[in-house]
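Biologist: I'd love a friendly tour of one part of this model, with a little context before you zoom in. Could you take your time over it?

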Amino acid sequence: MKRRDFLGGALKGATALSLGASVLPLLKSMPAQAATSDTAVVVFGGTVNSLDIHRSGTNRDSYQVAINCYDRLVTFGTKTLDDGSLSYDYDNVEPELAESWEISEDGTVMTFTLREGATFWDGKPVTAHDVKWSFDRAVSLGGFPTVQMKAGRFTSPEQFEAVDDRTFRITLPFPSKLSLPDLATPIPIVINATVAKEEATDDDPWATDYLHRNPAGSGAFKVNRWDPGQQLVYERNEDWASGPKPGFQRVIVREIPAQSTRRALIERGNVGISQNIPNKDAKELAEKSGVKVVSTPIENCIYSLCTNLNFEPFQDKRVRQAVAWAIPYQAIFEQAAYSQGVPMWGGIAGVDSIAWPQPSPYDYNLEKAKELLSQTDYKDGFDVPLSFSLSHADWAEPAALLIQQGLGKIGIRTTIEKIPGANWRTIALVEKKLPLHMENFGGWLNTPDYYFFWAYIKGNLFNSYNYGDPEMAKLVDETLDMPMDDPRYAPNVTRMIEMAFEDIPRIPLWQPTLNVAMSPDIQGYEYWFHRQMDVRPLKPA
Amino acid sequence: MSLAIKSRRVGMRLLQAIPTIFGILVVCFLLTRALPGDPAAYFAGQMADAESIEAVRKNLGLDKPMPIQFVAYVGDLAQGELGTAISTGQSVTSELATRLPASLELTLGALLLAFVIAVPLGVMAATRPNSWIDHLCRFLVTAGVSLPIFFTGLALMYVFYYLLGWAPAPMGRLDLLYLPPDPVTGFYTIDALIAGDWEVFRAALAQLALPLITLTLFVLAPIARMTRAAMLQTLGSEFVRTARAAGLSGHRVLITYAFRNALLPVVTTLGMVFSFLLGANVLVEKVFAWPGIGSFAVEALVVSDYAAVQGFVLCMALLFVGLNLLIDVIYTLIDPRVGEES
């Protein structure tokens, strides 16, 4: 018998199973009305290091708490992809805590009406004052929350106003198409301000110490138990007002560091979902019965090879183009990605769509590469280190070896350097001093201009290759806040893509997938841009 | 040796440990700072800009000059404060307090099991050279040394969990169905016994079995090998021959004369093996999702989490100083000559 069945049976109060006195006190503490529901077990390789997404040092794996335990004003809808799997829908912003909203004609005043009957876990009604306090916190704490708020043009507490208990107003400095979607990201969560203020101190006015361990939200799940480094247990909030009732009464998220162990667990049917599995496993497990695999291309994320323009040979555009023609793309896609994902090479010459990402016009063509290189000062090639982060080794290592071979054929001699995690951030993204390196970036807000803002504007974090072009800067600046139906939008984006392919500082390899393996008795899984497990839509099959 | 002299000696040994520990503190502090990578950049998070990185740096106190950072660190330490591990968001003290018992339960368990198996095996192999038991000993030693520890772990898991389904799911110290017993020692098995909770005891033991066997196989080899060699040496020595010639019984010669003398190098080996084990633990902890100290330290090192790394090194240093002390004391008990000349 599978453990899940056993748990399910136990929850249903089956007496055939002799449960000893020591059986999970969690079960004993369950409310009676939950007797027909079930428990799901999710495993993943990361670690949850905080329950507060706003705190500095909170890692990506912890963002799931913000999603599952807190409400935002709005959320994204759901769409069905071609393969039948579910994905969030960027083009469809839906109500969550706010039941409706109005945006003034000039686009600068957003007025939200909060849902009636929405309460925090402690029973206190959710008011616009809580929203105001939470938003003030996000723009004041600095670090990631403040930067992400800034993307939606939310920068200072003066912009937020609690008109009355149920009306919340945001004033923007100028209209932006990014404002509304930014409210659906995991950052602008609504926190129980009364609880938080009680725990705040002079040194810690935003109660980061308290909320780090004790979430105080109105979301679909509460945290029943958090054993740092081991597991997180979510318990359904039976009074959740902001969406459909979740399918599971309890979800246990377990940290299992070894990939092989996670695979054994899902194959044996001991767990319901294994989050973020490697491409190799995705390919192999998909062929087995008893396990479902869902692979979703990660929106606007591209695994790339980047050529740093501060490094002399790469200042010559023809050298960068020669590199782009000397990469054995197909072999890399097969050996590093196990053919999971979307190829980002071999596209048409010229740009005829504003879809992003889209394949670059480059392909494996040594003749063209040699020809281009021979026109430059580096016809005999040069030496350059090729770097990647150790935490990307699963795809970057095989890719780097093949790139090394390809570049070797046109005389560019590379030495491979693997750089550990903390160091990578510093030298690749902050100091931007790696001449040739493998990078990935996917923006949370799914518009091409947002991607170009982070990756093609000089000084911005993901422009790890020091690309700076005045025309590009002007285009991005003009386009970033512009509505997508503006007549200038499509031509601007087309021009950005043309320049990106012509100047090719970032050479696209492929668009990766987020792979999730699950047992056939769980359904409802939805892909989200934040790549964390949203446990709310999961339900027993 | 009177009790007073003994305790004075132990006291002296303890005092000698103080400069060692202080030295370790300084070296570790400097080494962590010399690690490549900027923790502020890492912990500022995904989208951090220069401004927020600076804010985090200030928050962590990393903007101050190193001597001031060191004084602050030692000051905190004097109050028993090890700082906060940013990588896990917990205080280092509480991290160590919950994780060290998990690692020690594995390590000490494996050490005990290996000792119980390897010492008789080595003794028997030495007394019956080239018999089947000697061959078995040789086989185990070769296997233990030549199989990488993560391989043994994965292989055992594959066979006993994946194929046969005898072992429970390798998901840490306790199955999902149970809650840990009230902490007394921090060892789940012992705490469950103290609480008289047989079911949790059985569950904890079941989770412990595979990682324990993996580690035992690893440390069995040096102990068995050392026992066998030491026994062979003492059995061939003059005092054993004299004892035999004097007509003492074989059993008495073996245990009182030969084994007691052979035990000294074995105890030394045990001390060394313990340190190997703590290192080997890291891999086993990863494979079996064991929430121990090894995986914590590696993770902390990767992200330049200063407080966590320093706390870990300090904890290990104390552990080894304690262990060396213990071994010295055991020496004096086994062999009264030790320390007499000093």
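Biologist: How much area does chain A expose, and what share of it do carbon and sulfur atoms supply? After that, please look closely at helix α16 (residues 448–456) of chain A: which of its residues are buried, and what do they pack against?

Modeller: Happily! This is a predicted model, in which local features need pLDDT of at least 70 and side-chain atom pairs 80 or more, while totals for chains, interfaces and linings use all residues. Residues count from 1 along each chain as written, chains are lettered from A and ligands numbered from 1 in written order, and side-chain values use heavy atoms, without hydrogens or water.

Chain A exposes about 19800 Å² (Shrake-Rupley, 1.4 Å probe), and 49% of that area comes from carbon and sulfur atoms. Its C-alpha atoms fill a box of roughly 75 × 60 × 45 Å along the principal axes. The chain holds 18 helices and 22 strands (DSSP runs of H or I, at least four residues, or E, at least two). Of its 541 residues, 61% are buried (under 20% relative accessible area).

On confidence, the mean pLDDT (a 0 to 100 score) of chain A is 90, and 93% of its residues score at least 70. The lowest mean, 40, belongs to helix α1 (residues 3–11) of chain A, and the highest, 97, to strand β7 (residues 167–171) of chain A. Over residues 1–36 of chain A the pLDDT is below 50, yet this stretch has 58 contacts (heavy atoms within 4.5 Å) beyond near neighbours in sequence.

Now to your helix. α16(A) is mostly covered, with eight of its nine residues buried. They are Pro448(A), Asp449(A), Tyr450(A), Tyr451(A), Phe452(A), Trp454(A), Ala455(A) and Tyr456(A). These residues pack against helices α5 (143–151), α17 (470–479) and α18 (489–503) of chain A, and also against strands β13 (301–307), β17 (436–442) and β18 (506–511) of chain A.

One of those partners, α5(A), deserves a visit too. Eight of the nine residues of α5(A) are buried, so the rest of the structure largely encloses this helix. Gly143(A), Phe144(A), Pro145(A), Thr146(A), Val147(A), Gln148(A), Met149(A) and Ala151(A) make up that buried set. Their cover includes α16 of chain A, along with α3 (63–69), α4 (128–140), β6 (160–164) and α6 (179–182) of chain A. Chain B takes part as well, through its α3 (50–59). Following α5(A) comes Arg153(A), with a positive phi near 70°.

Technical notes: pLDDT is the predictor's confidence in each residue, from 0 to 100. Buried means under 20% relative accessible area, exposed over 50%, partly exposed in between (1.4 Å probe, protein chains only).
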